Amino acid sequence: MFEGKKGMVHRTDEIGDDHVGSSAKTPLRANAFDISDQEKLERIEKSVRDILDTLGMDLEDDSISGTPRRVAKAYVNEIFSGLNPKNKPKLSTFDNNYKYGEMLVEKNITVYSTCEHHLLPIVGRAHVAYISNGNVIGLSKMNRIVDYYAKRPQVQERLTMQIVQALQEALGTKDVACVIDAKHLCVNSRGVRDIVSSTVTSEFGGKFKNQNTKQEFLDYLKLDTDFE
(Lines give C-alpha, C1' and ligand atoms only; values in the text may rest on other atoms or scores of the structure.)
Protein backbone atom coordinates (compact mmCIF):
# COMPACT_ATOMS: atom_id res chain seq x y z
CA MET A 1 0.00 0.00 0.00
CA PHE A 2 1.25 3.50 -0.81
CA GLU A 3 2.41 5.32 2.34
CA GLY A 4 3.25 8.70 0.82
CA LYS A 5 6.81 8.57 2.10
CA LYS A 6 10.04 8.64 0.16
CA GLY A 7 11.18 5.15 -0.72
CA MET A 8 7.76 3.55 -0.30
CA VAL A 9 5.96 2.19 -3.35
CA HIS A 10 2.36 1.44 -4.27
CA ARG A 11 1.31 -2.18 -3.83
CA THR A 12 0.68 -2.46 -7.58
CA ASP A 13 4.24 -1.31 -8.26
CA GLU A 14 5.50 -4.16 -6.08
CA ILE A 15 3.39 -6.68 -7.96
CA GLY A 16 4.22 -5.25 -11.37
CA ASP A 17 2.62 -7.15 -14.25
CA ASP A 18 2.38 -10.42 -12.34
CA HIS A 19 -0.96 -12.17 -12.77
CA VAL A 20 -2.86 -11.96 -9.48
CA GLY A 21 -6.24 -13.51 -8.76
CA SER A 22 -8.37 -13.63 -5.66
CA SER A 23 -11.07 -16.32 -5.76
CA ALA A 24 -13.75 -17.87 -7.94
CA LYS A 25 -16.08 -15.07 -6.88
CA THR A 26 -15.97 -11.66 -8.51
CA PRO A 27 -14.72 -9.16 -5.89
CA LEU A 28 -17.85 -7.03 -5.39
CA ARG A 29 -18.69 -4.81 -2.46
CA ALA A 30 -21.79 -5.71 -0.44
CA ASN A 31 -23.39 -2.40 -1.44
CA ALA A 32 -22.51 -2.68 -5.13
CA PHE A 33 -26.12 -2.21 -6.24
CA ASP A 34 -27.28 0.41 -3.75
CA ILE A 35 -27.14 3.09 -6.44
CA SER A 36 -29.13 3.07 -9.67
CA ASP A 37 -27.71 2.49 -13.15
CA GLN A 38 -28.49 6.12 -13.92
CA GLU A 39 -26.33 7.33 -11.04
CA LYS A 40 -23.55 4.97 -12.13
CA LEU A 41 -23.74 6.47 -15.62
CA GLU A 42 -23.39 9.97 -14.24
CA ARG A 43 -20.48 9.08 -11.94
CA ILE A 44 -18.56 7.19 -14.62
CA GLU A 45 -19.14 9.96 -17.17
CA LYS A 46 -17.63 12.48 -14.76
CA SER A 47 -14.69 10.18 -13.97
CA VAL A 48 -13.90 9.56 -17.64
CA ARG A 49 -14.14 13.30 -18.30
CA ASP A 50 -11.64 13.90 -15.48
CA ILE A 51 -9.26 11.27 -16.90
CA LEU A 52 -9.35 12.72 -20.40
CA ASP A 53 -8.94 16.24 -19.05
CA THR A 54 -5.95 15.13 -16.97
CA LEU A 55 -4.39 13.60 -20.08
CA GLY A 56 -4.70 16.97 -21.79
CA MET A 57 -7.52 16.17 -24.22
CA ASP A 58 -9.68 19.03 -25.48
CA LEU A 59 -13.16 18.00 -24.35
CA GLU A 60 -14.73 20.83 -26.35
CA ASP A 61 -13.65 19.16 -29.59
CA ASP A 62 -16.61 17.62 -31.45
CA SER A 63 -14.83 14.29 -31.85
CA ILE A 64 -14.28 13.70 -28.14
CA SER A 65 -16.92 15.77 -26.35
CA GLY A 66 -19.33 12.82 -26.23
CA THR A 67 -16.72 10.22 -25.27
CA PRO A 68 -17.29 10.33 -21.48
CA ARG A 69 -21.00 9.60 -21.95
CA ARG A 70 -20.36 6.89 -24.53
CA VAL A 71 -17.84 5.15 -22.26
CA ALA A 72 -20.23 5.32 -19.29
CA LYS A 73 -23.07 3.77 -21.30
CA ALA A 74 -20.79 1.06 -22.65
CA TYR A 75 -19.52 0.19 -19.16
CA VAL A 76 -22.92 0.00 -17.47
CA ASN A 77 -25.08 -1.38 -20.28
CA GLU A 78 -22.65 -3.62 -22.14
CA ILE A 79 -19.05 -4.26 -21.15
CA PHE A 80 -19.69 -4.72 -17.41
CA SER A 81 -23.39 -5.61 -17.50
CA GLY A 82 -22.54 -9.08 -16.17
CA LEU A 83 -21.82 -7.59 -12.74
CA ASN A 84 -25.53 -7.08 -12.13
CA PRO A 85 -27.39 -10.26 -11.07
CA LYS A 86 -30.56 -8.99 -12.74
CA ASN A 87 -28.87 -9.66 -16.10
CA LYS A 88 -28.10 -13.31 -15.37
CA PRO A 89 -29.82 -15.50 -17.98
CA LYS A 90 -32.52 -17.87 -16.77
CA LEU A 91 -31.04 -21.35 -17.14
CA SER A 92 -34.14 -23.45 -17.72
CA THR A 93 -33.52 -27.19 -18.03
CA PHE A 94 -35.60 -29.99 -19.54
CA ASP A 95 -35.94 -33.71 -19.00
CA ASN A 96 -33.60 -35.76 -21.15
CA ASN A 97 -36.52 -37.68 -22.68
CA TYR A 98 -34.46 -38.94 -25.61
CA LYS A 99 -32.03 -40.57 -23.15
CA TYR A 100 -28.92 -39.11 -24.76
CA GLY A 101 -26.11 -40.42 -22.59
CA GLU A 102 -22.94 -39.07 -24.18
CA MET A 103 -21.30 -35.72 -23.62
CA LEU A 104 -22.67 -32.64 -25.32
CA VAL A 105 -20.08 -30.11 -26.48
CA GLU A 106 -20.70 -26.50 -27.44
CA LYS A 107 -17.57 -25.29 -29.25
CA ASN A 108 -16.18 -21.91 -30.23
CA ILE A 109 -18.38 -19.71 -28.06
CA THR A 110 -17.19 -16.15 -28.54
CA VAL A 111 -15.63 -14.56 -25.45
CA TYR A 112 -15.42 -10.79 -25.09
CA SER A 113 -14.26 -9.88 -21.61
CA THR A 114 -12.10 -7.29 -19.84
CA CYS A 115 -8.91 -7.86 -17.86
CA GLU A 116 -9.49 -6.50 -14.37
CA HIS A 117 -5.84 -5.51 -13.98
CA HIS A 118 -5.59 -3.03 -16.85
CA LEU A 119 -9.22 -2.81 -18.08
CA LEU A 120 -8.15 -3.97 -21.54
CA PRO A 121 -10.02 -6.50 -23.69
CA ILE A 122 -9.81 -10.29 -23.49
CA VAL A 123 -10.95 -11.89 -26.76
CA GLY A 124 -11.19 -15.60 -27.46
CA ARG A 125 -13.26 -18.77 -27.58
CA ALA A 126 -14.84 -20.94 -24.92
CA HIS A 127 -15.61 -24.64 -25.31
CA VAL A 128 -18.15 -26.07 -22.88
CA ALA A 129 -19.35 -29.64 -22.33
CA TYR A 130 -21.57 -31.60 -19.98
CA ILE A 131 -22.88 -35.12 -19.50
CA SER A 132 -26.57 -35.25 -18.65
CA ASN A 133 -27.73 -36.93 -15.46
CA GLY A 134 -31.35 -36.55 -16.52
CA ASN A 135 -31.50 -32.85 -17.39
CA VAL A 136 -30.52 -30.97 -20.53
CA ILE A 137 -30.19 -27.25 -21.17
CA GLY A 138 -30.87 -25.18 -24.28
CA LEU A 139 -27.78 -24.72 -26.40
CA SER A 140 -28.10 -20.93 -26.52
CA LYS A 141 -28.16 -20.83 -22.71
CA MET A 142 -24.58 -22.12 -22.70
CA ASN A 143 -23.55 -19.20 -24.90
CA ARG A 144 -25.47 -16.78 -22.73
CA ILE A 145 -23.90 -17.95 -19.47
CA VAL A 146 -20.42 -17.54 -21.00
CA ASP A 147 -21.34 -14.04 -22.13
CA TYR A 148 -22.85 -13.11 -18.75
CA TYR A 149 -19.74 -13.97 -16.74
CA ALA A 150 -17.45 -12.52 -19.43
CA LYS A 151 -19.13 -9.12 -19.17
CA ARG A 152 -17.33 -8.01 -16.03
CA PRO A 153 -13.76 -7.24 -15.01
CA GLN A 154 -12.21 -10.70 -15.08
CA VAL A 155 -9.25 -12.98 -14.84
CA GLN A 156 -9.50 -15.90 -17.23
CA GLU A 157 -9.09 -18.55 -14.54
CA ARG A 158 -12.06 -17.18 -12.60
CA LEU A 159 -14.18 -16.87 -15.74
CA THR A 160 -13.55 -20.53 -16.58
CA MET A 161 -14.53 -21.65 -13.09
CA GLN A 162 -17.64 -19.47 -12.94
CA ILE A 163 -18.98 -20.90 -16.21
CA VAL A 164 -18.54 -24.46 -14.95
CA GLN A 165 -20.04 -23.73 -11.54
CA ALA A 166 -23.10 -22.00 -13.03
CA LEU A 167 -23.82 -24.92 -15.36
CA GLN A 168 -23.23 -27.47 -12.60
CA GLU A 169 -25.82 -25.70 -10.47
CA ALA A 170 -28.34 -25.43 -13.32
CA LEU A 171 -27.94 -29.02 -14.50
CA GLY A 172 -27.63 -30.61 -11.06
CA THR A 173 -24.45 -32.45 -11.99
CA LYS A 174 -20.72 -32.09 -11.48
CA ASP A 175 -20.08 -33.44 -14.99
CA VAL A 176 -19.28 -30.13 -16.68
CA ALA A 177 -16.09 -28.91 -18.37
CA CYS A 178 -14.84 -25.71 -19.93
CA VAL A 179 -11.73 -24.70 -21.88
CA ILE A 180 -11.03 -21.10 -22.86
CA ASP A 181 -8.36 -19.94 -25.32
CA ALA A 182 -8.05 -16.16 -25.40
CA LYS A 183 -5.80 -13.24 -26.21
CA HIS A 184 -5.24 -10.58 -23.55
CA LEU A 185 -4.59 -7.10 -24.86
CA CYS A 186 -2.76 -6.27 -21.64
CA VAL A 187 -0.13 -8.66 -23.02
CA ASN A 188 -0.66 -8.07 -26.74
CA SER A 189 -0.83 -4.26 -26.84
CA ARG A 190 1.30 -3.16 -23.86
CA GLY A 191 4.06 -4.51 -21.64
CA VAL A 192 5.83 -7.21 -23.63
CA ARG A 193 3.56 -6.50 -26.64
CA ASP A 194 3.44 -10.13 -27.68
CA ILE A 195 0.72 -10.22 -30.34
CA VAL A 196 1.03 -13.98 -30.98
CA SER A 197 0.59 -15.61 -27.56
CA SER A 198 -2.75 -16.64 -26.11
CA THR A 199 -3.82 -18.00 -22.73
CA VAL A 200 -5.53 -21.36 -22.22
CA THR A 201 -7.43 -22.23 -19.05
CA SER A 202 -9.56 -25.25 -18.17
CA GLU A 203 -11.90 -26.52 -15.48
CA PHE A 204 -12.98 -30.16 -15.34
CA GLY A 205 -15.70 -31.40 -13.02
CA GLY A 206 -17.03 -34.84 -12.13
CA LYS A 207 -16.53 -37.44 -14.87
CA PHE A 208 -14.37 -35.01 -16.85
CA LYS A 209 -11.61 -35.52 -14.30
CA ASN A 210 -11.29 -39.05 -15.70
CA GLN A 211 -8.43 -38.99 -18.22
CA ASN A 212 -10.35 -40.87 -20.94
CA THR A 213 -13.40 -38.59 -20.68
CA LYS A 214 -11.21 -35.51 -20.58
CA GLN A 215 -9.32 -36.66 -23.66
CA GLU A 216 -12.57 -37.37 -25.52
CA PHE A 217 -13.67 -33.79 -24.85
CA LEU A 218 -10.33 -32.36 -25.99
CA ASP A 219 -10.45 -34.50 -29.15
CA TYR A 220 -13.82 -33.01 -30.05
CA LEU A 221 -12.22 -29.56 -29.95
CA LYS A 222 -9.88 -30.60 -32.75
CA LEU A 223 -12.74 -31.35 -35.17
CA ASP A 224 -12.99 -29.02 -38.15
CA THR A 225 -16.27 -27.14 -37.86
CA ASP A 226 -15.88 -24.62 -40.67
CA PHE A 227 -19.16 -24.82 -42.58
CA GLU A 228 -19.85 -23.22 -45.94
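Helices and strands here are DSSP runs, numbered from the N terminus, with at least four residues for a helix and at least two for a strand. The model you are looking at is predicted. Let's work through it together.

**Exercise 1. Find the loop that holds Lys-99, then decide whether Lys-99 is buried or exposed.**

Step 1: Look between strand E1 (93–95) and strand E2; Lys-99 sits in the loop there.
Step 2: Compare its relative accessibility, 68%, with the cut-off for exposed, which is over 50%. Lys-99 therefore counts as exposed.
Step 3: Check the backbone. Most residues other than glycine have a negative phi. Lys-99 is not a glycine, yet its phi is positive, at about 60°.

**Exercise 2. Which strand contains Asn-108, and what is the sign of its phi?**

Step 1: Asn-108 belongs to strand E2, which covers residues 103–115.
Step 2: Its phi is positive, about 55°, although Asn-108 is not a glycine.
Step 3: With a relative accessible area of 33%, Asn-108 is partly exposed.

**Exercise 3. Work out which strands pair with E3, and over how many bridges.**

Step 1: Start with E2, which pairs with E3 in the antiparallel sense over 10 bridges. One pair to look up is Val-105 with its bridge partner in E3, Ala-129.
Step 2: Follow the chain through the hairpin of E2 and E3, where 5 residues lie between the strands. Leu-119 in this hairpin takes a positive phi near 55°.
Step 3: Turn to strand E6 (residues 176–184), which runs antiparallel to E3 and is joined to it by 9 bridges. Here Tyr-130 stands opposite Val-176 of E6.
Step 4: Now ask how enclosed E3 is. Of the 11 residues in strand E3 (residues 121–131), 8 are buried, so the strand is largely enclosed by the rest of the structure.

**Exercise 4. Locate Ile-137 and say whether it is buried or exposed.**

Step 1: Go to strand E4 (residues 135–137), where you will find Ile-137.
Step 2: Buried means under 20% relative accessible area. Ile-137 has 5%, so it is buried.
Step 3: Look across to Leu-91. These two residues are 46 residues apart along the chain, while their C-alpha atoms are separated by 7.2 Å.

**Exercise 5. Which residues gather in a patch of negative charge on the surface?**

Step 1: The patch brings together Asp-58, Glu-60, Asp-61 and Asp-62.
Step 2: Place Asp-58 in the loop between helix H2 (37–54) and helix H3 (67–79).
Step 3: Asp-58 has a relative accessible area of 48%, so it is partly exposed.

Methods
Residues numbered from 1 in each chain as written. Predicted model: local features only at pLDDT ≥ 70, side-chain atom pairs only at ≥ 80, totals over all residues. Heavy atoms only, no water. Patch = residues over 30% accessible without salt bridge, like charges linked within 9 Å, V, L, I, M, F, W, Y side chains within 5 Å. Areas by Shrake-Rupley, 256 points an atom, 1.4 Å probe, with all protein chains shown as cover. Salt bridge = Lys/Arg side-chain N within 4 Å of Asp/Glu carboxyl O. Lys, Arg positive; Asp, Glu negative; His and termini not counted. Charge placed at Lys NZ, Arg CZ, Asp CG, Glu CD. Buried < 20%, exposed > 50% of the residue type's maximum accessible area, 1.4 Å probe, protein only. Pairing = 2+ DSSP bridges.
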